[in-house]
Amino acid sequence: MSEPRGVASEPQYRSTMELLLQGHEPETRSKVLMQRAGQRMGLPREVIQELISPQEVHVFRVPCKILGKVVNFWGALALHNMARGPYKGGIRLARDVNIWETIELARLMTLKCAVTDVEFGGGKTGIRVDMPEMYRLFERTPRDREFEKIISLDAVEYYAQRFRDVFASHLYVPAPDMGTGPDEMAFIYNETLDPASVTGKPEGTHGWLPGRAESTGLGVAHAARLALRELQGRHAEGATAAIQGFGNVGRPLARCLSDHGMKVVGITDLYGGVYDENGLDIEALTEHALNVGTVQGFPAQELTNEALFRLPVDVLIPAAAGEVLTAENAPQVQARLIVEAANMPTTVEAMDILDERGIAIVPDILANAGGVIASMLEYSGSLSADKMAKEEVFERLCRKIETNFELSRERALELGCTLTEAAVQLATERVYKVMLTRRMI
Ligand code: NAD
């Protein structure tokens with residue numbers, strides 16, 4: 001690698017937002033990668049900081065009346081950059097949401113939309129919902145999926161009321177992320193009655209898009225097949241894969257890999273995991289997981305999340321939480337290829353270790369862009385009342401992922417950097433150029 005490693009700018013340098021907040025953003029992955037890209041582009045550090053900093057951040061409280069009790073949830077809405085189009089990004093409900101994570105995820109959306117060349121900017125919502133705490137508060141045991149649904153729907157309904165005008169004006173167009181899905185998106189639509197105000201809407205709702213629900217997983221599967229072919233010169237058929245996460249993304253992803261003849265040997269989630277060296281029966285596992293809310297208990301060998309990362313598979317796919325591949329476990333990874341279905345599952349330190357070990361990474365902004373590509377189709381379809389067929393959606397999505405992958409690969413060869421660094425640079429250049437044209441910088 002010709003690029004210097006580590007955080008490239010002076011760590012003491014603070015953006016104006018950090019000075020205002022009297023706090024330091026942690027050296028998050030997108031920040032470090034944008035600093036490296038900005039330095040390669042020869043941009044002054046103040047300009048790099050403006051590209052990194054969000055445009056607006058709202059911190060809010062949503063008081064919800066749930067099953068007769070008032071519960072206050074706190075959240076953040078980060079609007080990172082709208083130079084290239086409306087702020088776009090999912091609504092995440094999780095117990096460990098924090099303001100810096102939400103800003104970082106919004107920034108990641110800016111990069112993803114730019115490298116994918118869809119006309120959106122980057123935004124994100126994080127609402128801190130601590131489900132185990134909810135079980136305690138409402139004195140509930142055991143796990144009850146209906147109870148969890150009541151909590152997430154109530155939280156999103158109140159949030160939708162609070163930010164109704166932001167959605168209705170298309171300033172920020174939300175979508176599902178961890179802890180939310182089509183049901184929650186229907187609540188945003190209920191509030192605005194505008195089909196273009198939200199994407200990821202459930203089947204039958206005005207402006208819904210056939211195939212949107214599976215689009216992220218399907219796109220990740222396509223990126224994995226592409227990377228096996230282009231980076232390793234091998235066919236997907238017969239290749240083995242391990243996946244962390246079996247939710248909105250993980251389930252269609254596993255199904256698609258298996259439909260293309262790959263053996264998905266290990267899958268884990270928050271509660272446990274399963275392993276079968278001959279390949280798991282994805283259809284049966286999906287039915288089991290949809291019934292009980294986890295892969296745990298499915299008749300197969302047990303597998304922990306730590307062991308999943310050490311499996312000697314062809315492709316390792318983190319499709320759950322962020323920062324799960326770290327400096328601690330990266331040296332033990334045996335896969336030759338990592339495809340990031342989750343957002344930022346690999347820390348910068350782990351990325352550098354994996355790069356030195358010759359393990360290729362297809363970054364989140366290329367691999368999991370299927371969701372935002374489908375969202376773009378859903379958004380434009382909602383504005384025109386036109387509906388695409390599922391096959392057409394998948395075809396457009398795969399073609400776009402292929403183009404972005406090739407462009408980033410060419411740029412990586414040209415710059416002598418990793419695919420991740422090249423994709424981030426391509427995106428940063430596009431955002432910077434429009435900000436200059438629009439006199440925003
Ligand atoms: P989800 O809530 O539907 O499912 C998450 C899955 O991961 C569940 O199986 C859960 O048990 C598991 N999980 C969560 N935390 C875990 C942990 N710490 N260890 C092990 N397993 C864990 O979420 P999703 O929509 O499938 O999103 C998964 C990832 O993909 C997130 O990083 C999200 O930001 C990213 N993503 C989602 C979309 C989308 O369209 N939903 C689009 C792009 C990126």
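**Two sheets and a ligand between two domains**

Let me begin with the sheet in which five strands are arranged in the order β1-β2-β4-β3-β5, an open sheet whose pairing is mixed. Its edges are formed by β1, residues 56-66, and β5, residues 172-176, and each of these strands pairs on one side only. From one strand to the next, the twist averages 25 degrees. I should say at this point that what we are looking at is a predicted model, and that the values I quote are computed from it.

Staying with this sheet for a moment, I would like to look at one pair inside it. Strand β3, which covers residues 87-94, runs parallel to strand β4, which covers residues 121-128, and the two are joined over six bridges. As a general point, the strands of a sheet pair through backbone hydrogen bonds, and they do so either parallel or antiparallel. Within this pair, please keep Arg92 in mind, which stands opposite Gly126 in β4, since we will meet Arg92 again at the ligand.

Now to the other sheet. Here seven strands form an open sheet, again with mixed pairing, and the order is β9-β8-β7-β6-β10-β11-β12. At the edges stand β9, residues 301-302, and β12, residues 360-362, and because each has a single partner strand, one side of each is left without a neighbour in the sheet. The partner strand of β12 that I can describe is β11, residues 337-339, with which β12 pairs in the parallel sense over three bridges; in that pairing, Ile338 has Ile361 in β12 as its bridge partner.

With the sheets in view, we can turn to the ligand. Where does the ligand lie with respect to domain 1 and domain 2? Domain 1, residues 56-197, and domain 2, residues 209-441, both contribute residues to the shell around the ligand, and therefore the ligand lies between them. That shell consists of 23 residues, and the closest of them are Asp177, Thr216, Asn248, Ala320 and Asn343. Sorted by class, the shell holds nine nonpolar residues, nine polar ones and five charged ones.

Let me go through three contacts made by oxygen atoms of the ligand. One is with the side chain of Arg92, where an N or O atom is 2.9 Å from a ligand oxygen. At Asn248, a polar backbone atom is 2.9 Å from an oxygen of the ligand, and at Ala320 a polar backbone atom is 2.8 Å from a ligand oxygen. Taken alone, the ligand would expose 830 Å², and the protein buries 84% of that area.

Note on methods
Residues are numbered from 1 along each chain as its sequence is written. This is a predicted model: local features need pLDDT of at least 70, side-chain atom pairs count only at pLDDT 80 or more; totals for chains, interfaces and linings use all residues. Side-chain values use heavy atoms; hydrogens and water are left out. A residue is near a molecule or strand if one of its heavy atoms lies within 4 Å of it. A polar contact is a pair of N or O atoms within 3.5 Å; within protein, one must be able to donate a hydrogen and the other to accept it, and residues adjacent in sequence count only if both atoms are side-chain atoms. Accessible areas come from the Shrake-Rupley method with a 1.4 Å probe; for residues, only the protein chains shown count as cover. Ala, Val, Leu, Ile, Met, Phe, Trp, Tyr, Cys and Pro count as nonpolar, Asp, Glu, Lys and Arg as charged, and the others, Gly among them, as polar. Domain bounds come from an automatic or database domain assignment. Two strands pair if DSSP finds at least two bridges between them. Helices (H or I, at least four residues) and strands (E, at least two) are DSSP runs, numbered from the N terminus. Axes are lines fitted to C-alpha atoms, for helices over the stretch in contact, and angles run from 0 to 180 degrees between N-to-C directions.
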